[in-house]
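Please open the model in your viewer and keep the selection panel at hand. Each stop on this tour proposes something to select and then describes what is there.

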Amino acid sequence: MKVKQISVFLENTTGRLAEVTKTIAKAGINLRAISIADTADFGILRIILDKPDEGMKVLKDADFTAKQTDVIGIILDDQPGGLMKVMDIFNRDGVNIEYLYSSLINEKGSVVIIFKVEDIDHGLEIVEKAGLEAIASF
Amino acid sequence: MIYNKAIESMNLAQMQELQLERLKELVKRVYEKVPFYKKKFDRAGVKPENIQTLADISKLPFTTKGEMRETFPYGLLACSLDDVIEIHTSSGTTGTPVVAGYTENDRTLWSEVMARCLAMAGADKTDTLQNAYGYGLFTGGLGVHHGAGPLGTTIIPISSGNTQKQLQYMQDFKSTVLTCTPSYSLFMAEVANEMGLDFRDFDLKAGIFGAEPWSDNMRVEIEKKLNLKAYDIYGLTEIIGPGVSCECEEQNGLHINEDFFYPEIIDAETGEVLPEGEKGELVFTTLSREGTPLIRYRTRDITWLFRDNCSCGRTTVKMHRLLGRNDDMLIIKGVNVFPSQIENILMKIENTEPHYQIIIDRESTQLDNVELQVEVEENFFSDETKDLEIIRRKIHNEMKQQLGISLNIKLVEPKSIARSMGKARRVIDKRDLPKAGGK
């Protein structure tokens, strides 16, 4: 299953990230994963929310440049070699990873890692074939 | 429709005869009535009777904006103040304003030339014209207003600003012609988009845009977004206001109302008159003005003149769309750059909106540092930094290739560059440089 990630364009100025978190918080939306890709001048905030469509709406209403992208959240064992297992499979089957980051989900010895891969349908197929589980929603 | 066919389609010999007759009368009048001109003509050793042909105009000294400021407020008045019925000033963003005084005949002249311009853009009595140029001392609002009268066009004198109301009235009154600055038209498009309005549902057919230089690419953008045909109009307070020249349906050069405004192109360095077709500074002599007539006024605008067999039937001389202004011209790292060039390049790069600002600073090393801020639009934003870096590099490379200088490209959040209701502030120059043109 694919999950919806929201990316937000941020200038590298004080307070912009605070504005985003405030906008989401005010709408009662919970963050499930967060990461930032940054350059000298700007950053791209990537977040996963429990209510992605509502989140997208409040961010746009607040005049942020925001975009939805499909990503895969893979459930892994929280133990040595957990991530390695996915990497091995992806490597073997030629799944190209654009970026990955970890979510805030950690329960019953499992964690969820967010993957953006070049070809998401192919990526999902590989994940399922390997008997791994992709999270359906947060 | 040609508003004044007798004049606008006149053959060249007749036109030149008319111009010469008016020029002689003008030179005599200002020599007698305006001490400022008498002193200048005497210093140049030229008398009114020395003007026998149109080419003799080159014997007369130029008038500059600096001189207009020095003679503030009434030093250039060629008539009694009692005969002045209207006063306008330039926007005055660069210092002391310049003053234009209009007699009743001047205002009739203004109505005439503006009516010709509106007609060039296809306006007639069946049209409803929404005039979103600012009303007041700025000539834009009232100039267009004066021109609508003789045409019988219904005018909505809404002035600039209050964009949501503009869009509402545009629908309520079914406006067919819009007049405003080109940058304000794009701002309207943006607001309409936010309000969920579609210009295809509107009745607009023509937009007459001026008061700031704009590029051909910006025209394409405006025509697409506002679903109308965009005409370039030119004018300046010193000469009359809007109405000096305008594009016809060919959108290829602006027909100058040359029976009233005699144009010359000069070499900005030497002051030498250049032949038709050569690029240089535009100079005007107001052949019939009574209030504040001007002799060989240096506009600082860069363009060239040409005559073609225009399919519209007008024979008046054309000026190419402005290539920039002498005093708009930026000298960056020794290279001459017009902001309109930057705009042109930017718009050719796919998906880049014309919301930009140029910030120039001189570092302690005396090297110019130029930052070009470009707003990141939804349609090219990506969740990956590399995609945005590719766009940034592309803008940088295009600028470098076409302008020959390296600019720092900074991607900024949408709407972070201040929007303007009037002239867009495209350049912020923080360098401490001597200003050209006596400013």
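A salt bridge is a side-chain nitrogen of Lys or Arg within 4 Å of a carboxyl oxygen of Asp or Glu. The model you are looking at is predicted, so local features need pLDDT of at least 70 and side-chain atom pairs count only at pLDDT 80 or more, while totals for chains, interfaces and linings use all residues. Residues are numbered from 1 along each chain as its sequence is written, chains are lettered from A and ligands numbered from 1 in the order in which they are written, and side-chain values use heavy atoms, with hydrogens and water left out.

**Stop 1: the two chains together**

Select chain A and chain B, and look at where they meet: the contact (heavy atoms within 4.5 Å) takes 23 residues from chain A and 20 residues from chain B. The two chains bury about 1800 Å² between them, 52% of it on carbon and sulfur atoms; buried area here is the accessible area (1.4 Å probe) that two parts lose on being put together, summed over both. On the chain A side, F9(A), E11(A) and T65(A) lose the most area to chain B, and together they make up 32% of what that side buries.

How many salt bridges does the rule find across the interface of chain A and chain B? There are six salt bridges across this interface, and one that you can display joins K60(A) to E378(B), with the closest N and O atoms 3.8 Å apart. Across the interface of chain A and chain B there are also ten residue pairs in polar contact, both residues being at pLDDT 80 or more. A polar contact is a pair of N or O atoms within 3.5 Å; within protein, one must be able to donate a hydrogen and the other to accept it, and residues adjacent in sequence count only if both atoms are side-chain atoms.

Now colour chain A by its strands, where helices (H or I, at least four residues) and strands (E, at least two) are DSSP runs, numbered from the N terminus. Strand 1, strand 3, strand 4 and strand 5 (97-107) of chain A each supply at least two residues of the side that touches chain B, and the largest share, six residues, comes from strand 1 of chain A.

**Stop 2: the two domains of chain A**

Hide chain B and select residues 3-69 of chain A as domain 1 and residues 70-134 as domain 2, remembering that these bounds come from an automatic or database domain assignment. The C-alpha centres of the two domains lie 23 Å apart, and 13 residues of domain 1 of chain A are in contact with twelve residues of domain 2 of chain A. The area buried between these domains is about 970 Å², of which carbon and sulfur atoms give 57%. V3(A), R32(A) and T69(A) supply 45% of the area that domain 1 of chain A buries against domain 2 of chain A, more than any other three residues. Across this domain interface the rule finds zero salt bridges, although it finds four residue pairs in polar contact.

**Stop 3: a glycine in strand 3**

Select G43(A), which is found in strand 3 of chain A. Is G43(A) buried or exposed? With a relative accessible area of 4%, G43(A) is buried; buried means under 20% relative accessible area, exposed over 50%, and partly exposed in between (1.4 Å probe, protein chains only). Leaving aside its neighbours within four places in sequence, G43(A) is in contact with residues including V8(A), F9(A) and A37(A).

**Stop 4: inside chain B**

Bring chain B back and select R321(B), in the loop between strand 15 (318-319) and strand 16 (324-325) of chain B. R321(B) counts as buried because its relative accessibility is 5%. Its side chain reaches the backbone oxygen of W214(B) at 3.3 Å, and a polar contact of 3.0 Å joins the side chains of R321(B) and D232(B).

Among the residues in contact with R321(B) are R219(B) and E247(B), so select these two next. The side chains of E247(B) and R219(B) meet in a salt bridge (2.8 Å, N to O), with E247(B) in strand 8 (residues 241-247) and R219(B) in helix 9 (residues 216-226) of chain B, 28 residues apart. E247(B) is buried at 0% relative accessibility, and R219(B) is buried too, with a relative accessible area of 6%.
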